[in-house]
Amino acid sequence: MQLYNKLSAKEREALLEEAGEDRLTLSFYQYAKIGNPELFRNHLFIAWDQMEVLGRIYVAHEGINAQLSVPAKNFGNFKEFLDGIYFLENVRLNIAIEHDIKSFLKLKVKVRDKILADGLNDATFDVTNKGVHVDAKAFNELLDDPNTILVDMRNHYESEIGHFKGAMTPDVDTFRDSLDIIEKDIQDHKEDKNLVMYCTGGIRCEKASAYYKHKGFKKVYQLEGGIIEYARQVQNLKLENKFLGKNFVFDHRRGERISEDVVSNCHQCGKPCDTHVNCANEACHLLFIQCEECAEKMSSCCSAECQDIAALPYEEQKALRKGKGNSNKIFKKGRSEVLKYKN
Ligand SMILES: [Zn+2]
Ligand SMILES: [Zn+2]
């Protein structure tokens with residue numbers, strides 16, 4: 001019995017090209033109590049390997065988070081297999097609009113402590129006791145209700161370029177911080193107000209809604225499938241779009257435009273702009289908002305210092321980097337001292 005990959009990514013790519021078959025790229029997640037993640041992991045690997053499923057899957061005591069590529073011809077079997085697992089029966093599958101047959105080249109099923117890094121101590125509350133899922137239409141109706149408090153569960157650099165009208169957008173770097181800040185701000189409304197939340201694809205709200213219910217909030221709602229699914233439904237069903245600007249995404253595109261509004265500013269000159277870039281100095285790599293004119297003037301760097309370094313020959317840059325850590329990649333994101341324009 002084979003429990004791990006035997007083919008290299010290269011061999012897999014060649015095989016996929018040869019076969020030329022249609023594949024679906026999809027994702028799903030589910031919070032559930034999994035007693036033995038290792039056993040569950042092996043069960044998934046054996047079944048999915050036989051169906052030629054590829055992808056990256058995390059399994060933990062708290063649930064599963066999966067990004068997959070499934071051969072179109074095996075989709076029926078795959079769906080049947082999921083429906084045979086009680087907590088995955090009819091789980092919502094997010095199927096990508098653009099299909100890339102090479103979106104994944106291996107099947108990796110990993111056991112992790114958490115399926116979402118949240119900084120919370122699991123034992124304190126039940127993640128399966130979550131808020132009411134609402135679709136785009138119901139979400140819009142809730143937003144029209146004066147008794148609604150709308151909160152954005154994402155980090156500051158995500159909500160900066162786009163958010164729902166009237167949402168609380170906590171100025172935080174981590175999910176853990178936003179939970180506390182929001183709770184403090186709305187603690188007087190545990191019973192009377194609708195607490196409505198949203199995030200990119202829904203997974204953060206699964207955890208956050210359960211957390212707030214645990215903290216005593218009575219009317220907790222979450223946008224099912226997040227901004228991604230909202231945008232899809234708004235377009236397909238011709239609903240009113242209440243999202244302003246861009247949805248920050250964690251792939252090479254960095255943002256997906258949802259409305260024509262530009263809600264943020266260039267971090268260097270302050271003019272309206274919502275284009276995220278990484279500083280061209282590899283050692284810095286700061287993620288910030290930069291307009292085209294500033295990009296030209298600054299050679300795509302965040303500061304004159306980085307501009308000098310980026311202009312050096314590559315070997316010299318490498319020598320300068322040696323032994324230095326890089327905190328910008330994770331934390332500063334638009335808050336760096338070198339950015340002159342600040343909100
Ligand atoms: Zn600018
Ligand atoms: Zn820089």
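Donors are N, O and S atoms within 2.8 Å of the metal. Keep that cut-off in mind for the exercises below. The model is predicted.

**Exercise 1. Find the donors of the zinc ion (ligand 1) and describe their spacing in sequence.**

Step 1. List the donors. They are Cys266, Cys269, Cys291 and Cys294, each through its SG atom, at 2.3 Å.

Step 2. Write the spacing. The donor residues follow the pattern C-x2-C-x21-C-x2-C.

Step 3. Place one pair on the chain. Cysteine 269 sits in the loop between β12 (255-257) and β13, while cysteine 294 belongs to helix α9 (residues 292-297). The two are 25 residues apart, so this pair links distant parts of the chain.

Step 4. Judge the geometry. The 4 donor atoms subtend angles of 101 to 116° around the zinc ion (ligand 1), which makes the arrangement tetrahedral. For four tetrahedral donors the ideal angle is 109.5 degrees.

**Exercise 2. Is cysteine 269 buried or exposed, or in between? Decide also for cysteine 294.**

Step 1. Recall the cut-offs. Buried means under 20% relative accessible area, exposed means over 50%, and partly exposed lies in between.

Step 2. Apply them. Cysteine 269 has 41% relative accessibility, so it counts as partly exposed. Cysteine 294 has 5%, so it counts as buried.

**Exercise 3. Repeat the analysis for the zinc ion (ligand 2).**

Step 1. List the donors. The SG atoms of Cys279, Cys284, Cys302 and Cys306 coordinate this ion at 2.3 to 2.4 Å.

Step 2. Judge the geometry. The angles run from 106 to 116°, and therefore the 4 donor atoms form a tetrahedral arrangement.

Step 3. Write the spacing. Here the pattern is C-x4-C-x17-C-x3-C.

Step 4. Place one pair. Cysteine 279 lies in the loop between β13 (276-278) and β14 (287-289), and cysteine 306 lies in helix α10 (residues 304-310). They are 27 residues apart and link distant parts of the chain.

Step 5. Check burial. Cysteine 279 is buried at 2% relative accessibility. Cysteine 306 is buried too, at 6%.

**Exercise 4. How many disulfides does the whole structure hold?**

Step 1. Recall the test. A disulfide needs two cysteine sulfur atoms within 2.5 Å.

Step 2. Search the whole structure. The result is 0 disulfides.

**Exercise 5. Describe the surroundings of threonine 148.**

Step 1. Locate the residue. Threonine 148 is in strand β7 (residues 148-152).

Step 2. Check burial. Its relative accessibility is 17%, so threonine 148 counts as buried.

Step 3. List the contacts. Leaving out residues up to four places away in sequence, threonine 148 touches Leu142, Asn194 and Val196.

Step 4. Look for a polar partner. A polar atom of the threonine 148 side chain lies 2.7 Å from the backbone oxygen of leucine 142.

Key: Residues numbered from 1 in each chain as written. Chains lettered and ligands numbered in written order. Predicted model: local features only at pLDDT ≥ 70, side-chain atom pairs only at ≥ 80, totals over all residues. Heavy atoms only, no water. Donors = N, O, S within 2.8 Å, 3.2 Å for Na, K, Ca; no water. Tetrahedral: all angles 85-135°; square planar, octahedral: opposite > 155°, others 65-115°. Helix = DSSP H or I, 4+ residues; strand = E, 2+ residues; numbered from the N terminus. Buried < 20%, exposed > 50% of the residue type's maximum accessible area, 1.4 Å probe, protein only. Polar contact = N/O pair within 3.5 Å; in protein donor to acceptor, adjacent residues only side chain to side chain. Contact = heavy atoms within 4.5 Å.
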